Amino acid sequence: IPIAFSVATLAVPELLQRDFWSTLVIDVMVWGYLFGNLLMTTLNRRRSFLLEYCFQTALETAVAASRQADSILNHTLKNTMGDAAGNIEMFLDEVDSSTDVVYLRQSWASLRRGMRACQHRQAYLHLAAQKYKISLHPVALLEFATELTSGRQVRLNVPNVTVLLDPTLCGLIFDNVLNNAFKHGHSVNPN
């Protein structure tokens, strides 16, 4: 528009006197509109990036705080279960053999399983994030199965051999299998 106006005023000088002010006003309005849109787009993008940055920072802070609180809670639960298991164990050591303490022994074993789960918390986080690295170790299979089934009324038919396996991952899987079997299995005929 400014170039066309300049060419037109050179070609027809009366146009300068007659339409100068109206063309100038139109030019200012058009350029003002374009500049205003450009400025608003830039400001909106800047505001959007700033909001995204603030949101990302707040999210990272919240996740870090949540992990720290989760870690503290995990540690506290593990210690509390350890205290309870220790008290039950001391009671079981001192009680006479005629007293029926089956359910107390099962409770003690449940607390120990909970403590084991707390100890493997970090591995479970890596597993959920699909970043878990399998770590094979020689494990006495009978001892491993006995520990997993302690406090549960199950029959074991496990050979007394040493095998290479990931005790954390296998413990999680078999513990889940046993829990599901007790929750969803047939109560009258467990076979």
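Here is a short walk through this predicted model, from its cores to its surface and then to one of its helices.

Let's start on the inside. In soluble globular proteins, nonpolar side chains tend to be buried together. Here the largest nonpolar core has eight residues: Met81, Ala85, Ile88, Leu92, Val101, Leu111, Met115 and Cys118. Two elements give two or more residues each to this core, helix H2 (14–94) and helix H3 (102–119). H2 supplies the largest share, four residues. To get a feel for the packing, look at Met115: leaving out residues up to four places away in sequence, Met115 touches Lys78, Met81, Gly82 and Ala85.

There's also a second, separate core of five residues, with Val139, Phe144, Leu148 and Leu165 among them. Hold on to Phe144 and Leu148, as we'll meet them again shortly.

Now for the outside. Ile26, Val30, Trp31, Tyr33 and Leu34 form a nonpolar patch on the surface, and together they have about 520 Å² of accessible area. Take Val30, which sits in helix H2. Is Val30 buried or partly exposed? Its relative accessibility is 31%, and buried means under 20% while exposed means over 50%, so Val30 counts as partly exposed.

Last stop, helix H5, which covers residues 141–149 and has Phe144, Ala145, Leu148 and Thr149 as its buried residues. Seen down the axis of H5, these buried residues fall within an arc of 120°, so they line one face of the helix. What do they pack against? Their partners are H3, strand S1 (137–140) and helix H6 (167–184). After H5 comes Gly151, with a positive phi near 85°.

Note on methods. Residues are numbered from 1 along each chain as its sequence is written. This is a predicted model: local features need pLDDT of at least 70, side-chain atom pairs count only at pLDDT 80 or more; totals for chains, interfaces and linings use all residues. Side-chain values use heavy atoms; hydrogens and water are left out. A nonpolar core is a set of buried Ala, Val, Leu, Ile, Met, Phe, Trp, Tyr and Cys residues joined through side-chain atoms within 4.5 Å. Buried means under 20% relative accessible area, exposed over 50%, partly exposed in between (1.4 Å probe, protein chains only). Contact means heavy atoms within 4.5 Å. Patches are made of residues with over 30% relative accessible area and no salt bridge: like charges are joined within 9 Å, nonpolar side chains (Val, Leu, Ile, Met, Phe, Trp, Tyr) within 5 Å. Accessible areas come from the Shrake-Rupley method with a 1.4 Å probe; for residues, only the protein chains shown count as cover. A salt bridge is a side-chain nitrogen of Lys or Arg within 4 Å of a carboxyl oxygen of Asp or Glu. The arc is that of the directions from the helix axis to the C-beta atoms.
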